[in-house]
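Hello,

Here is the structure I said I would pass on. Please have a look at it before reading my notes underneath.

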Amino acid sequence: SGALYRHATAETSQATLASVSPVFAVMKFDKEGNTTYFEKKKTELYQELGLQARDLRFQHVMSIATRNNRIIMRMEFLKAVITPEFLLILDYRNLSLEHWLFNDLASQLAGEGQLVTYSLPFEFRAIEALLQYRISKLQGRLNTLQPQIIETLEALVDPKLLSVDRSKLHILLQNGKSLSELETDIKVFKETILEILDEEELIEELCLSKWTDPQVFEESTTGIDHAEEMELLLENYYRQAEDLANEARELRVLIDDSESIIFINLDRLATRPVGLPKAGQNLMLPRLPHICLQGKLEDSVFMRDPRIFWLVTGIMFLGSGLIWRRLLSFLGRHLAPPLPPHV
């Protein structure tokens with residue numbers, strides 16, 4: 001009875017696990033570019049592929065790993081499993097993926113997309129297609145940010161500005177945040193590829209045909225081993241990512257260099273009285289001594305006649321004398337010692 005109870009409990013737990021197991025919407029591409037669609041539970045899928053449950057875990061961090069002669073690639077929303085015979089795209093129902101999957105990927109795998117690795121085994125074509133998609137997405141984000149940042153900076157550092165558009169500052173802040181996210185994604189892309197390039201064994205593991213069909217894994221017509229060709233393929237996309245990183249770094253330097261000019265414009269606009277004409281600013285009493293001593297009145301309206309200059313100067317000194325006299329009178333009344341009481 002105890003064994004029967006344990007067997008029933010195990011069946012119940014497996015049924016419960018199967019009921020809550022996620023279902024993958026899978027798109028399958030073969031060597032000829034033929035496409036099929038199906039849905040399958042996660043438990044069934046990783047068992048058929050000879051993988052473990054953690055290999056198909058939902059993760060948006062980029063990674064490239066091999067397991068049981070399978071290549072598992074994760075790139076943000078893209079999750080793929082590559083075998084020597086086919087490519088599986090998991091959870092393909094994403095607006096950013098569907099256009100590429102339905103219009104470009106099949107033709108690329110079939111050789112119509114002019115992939116450099118078309119003459120090589122299928123896993124080379126699949127890896128190149130996925131890396132090409134990722135690098136094009138990063139390039140597209142940079143191409144969108146670059147003109148927006150340059151246009152915003154040109155509007156903010158213009159010395160002829162009479163006012164600062166706060167919306168431009170907000171746009172620059174948002175673009176700077178997006179640029180930081182892009183720099184992080186490019187850095188992750190580079191580090192992922194560099195980890196493979198630093199390990200010769202990992203490069204060889206990516207050449208799946210070496211283990212399934214040794215005859216296919218022979219030296220190419222150019223005399224380069226397939227492992228070396230895989231290394232060249234990864235280095236090519238590493239250099240492209242490095243170029244993107246340099247362009248993003250130049251944008252970051254441009255923003256940092258423009259910040260000082262933006263702050264100077266903001267300080268200049270903050271210290272200028274609103275709605276007061278230039279002649280009125282020159283007549284402000286606290287600025288008159290400095291203006292007169294520095295000779296800054298030659299371009300003012302009232303300096304066209306020298307008599308106006310002496311009149312303004314006389315009024316300034318007369319006003320200063322009156323203020324000084326009132327100040328002495330005030331201090332004399334309040335600081336004089338009190339008189340003794342009258343007896």
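The notes below cover the salt bridges, a charged surface patch and a record annotation.

Please keep in mind that this is a predicted model.

Salt bridges

Side chains of opposite charge can pair when their charged atoms come close. The count here comes to 6 salt bridges. Three of them are described below.

Arg134 and Glu76 meet through their side chains, with 2.8 Å from N to O. This pair links distant parts of the chain, 58 residues apart: Arg134 is in helix H4 (residues 122-156), while Glu76 is in the loop between strand E4 (71-75) and strand E5 (78-82). Arg134 has 8% relative accessibility and therefore counts as buried, the limit for that being under 20%. Glu76, at 30%, counts as partly exposed.

Helix H4 also holds Arg141, which is paired with Asp185 in helix H5, 44 residues apart. The distance in this salt bridge is 2.7 Å, N to O. Arg141 is partly exposed at 28% relative accessibility, and Asp185 is partly exposed with a relative accessible area of 23%.

Helix H5 takes part in another link between distant parts of the chain, as Lys190 in H5 pairs with Glu242 in helix H8, 52 residues apart. Here the N to O distance is 2.5 Å. Lys190 has a relative accessible area of 15%, so this residue is buried. Glu242 counts as partly exposed because its relative accessibility is 24%.

Negative patch

Which residues form the negative surface patch? They are Glu191, Glu195, Asp198, Glu199, Glu200, Glu201, Glu205, Glu228 and Glu231. Two or more residues each come from helix H5 (166-197), helix H6 (200-206) and helix H8 (226-271). The most come from H6, which gives 3 residues.

Asp198 in this patch sits in the loop between H5 and H6. Is Asp198 buried or exposed? Its relative accessibility is 55%, so Asp198 counts as exposed; the cut-off for that is over 50%.

Annotated segment

UniProt, in an unreviewed entry, lists residues 308-324 as "transmembrane region". In the model this stretch is 100% helix and 0% strand. The C-alpha atoms at the two ends of residues 308-324 are 24 Å apart. The label itself comes from the record, whereas the helix content is computed from the model.

Regards

How values were computed: Residues numbered from 1 in each chain as written. Predicted model: local features only at pLDDT ≥ 70, side-chain atom pairs only at ≥ 80, totals over all residues. Heavy atoms only, no water. Patch = residues over 30% accessible without salt bridge, like charges linked within 9 Å, V, L, I, M, F, W, Y side chains within 5 Å. Areas by Shrake-Rupley, 256 points an atom, 1.4 Å probe, with all protein chains shown as cover. Salt bridge = Lys/Arg side-chain N within 4 Å of Asp/Glu carboxyl O. Lys, Arg positive; Asp, Glu negative; His and termini not counted. Charge placed at Lys NZ, Arg CZ, Asp CG, Glu CD. Helix = DSSP H or I, 4+ residues; strand = E, 2+ residues; numbered from the N terminus. Buried < 20%, exposed > 50% of the residue type's maximum accessible area, 1.4 Å probe, protein only. UniProt positions renumbered as here; feature names shortened; annotations may be inferred.
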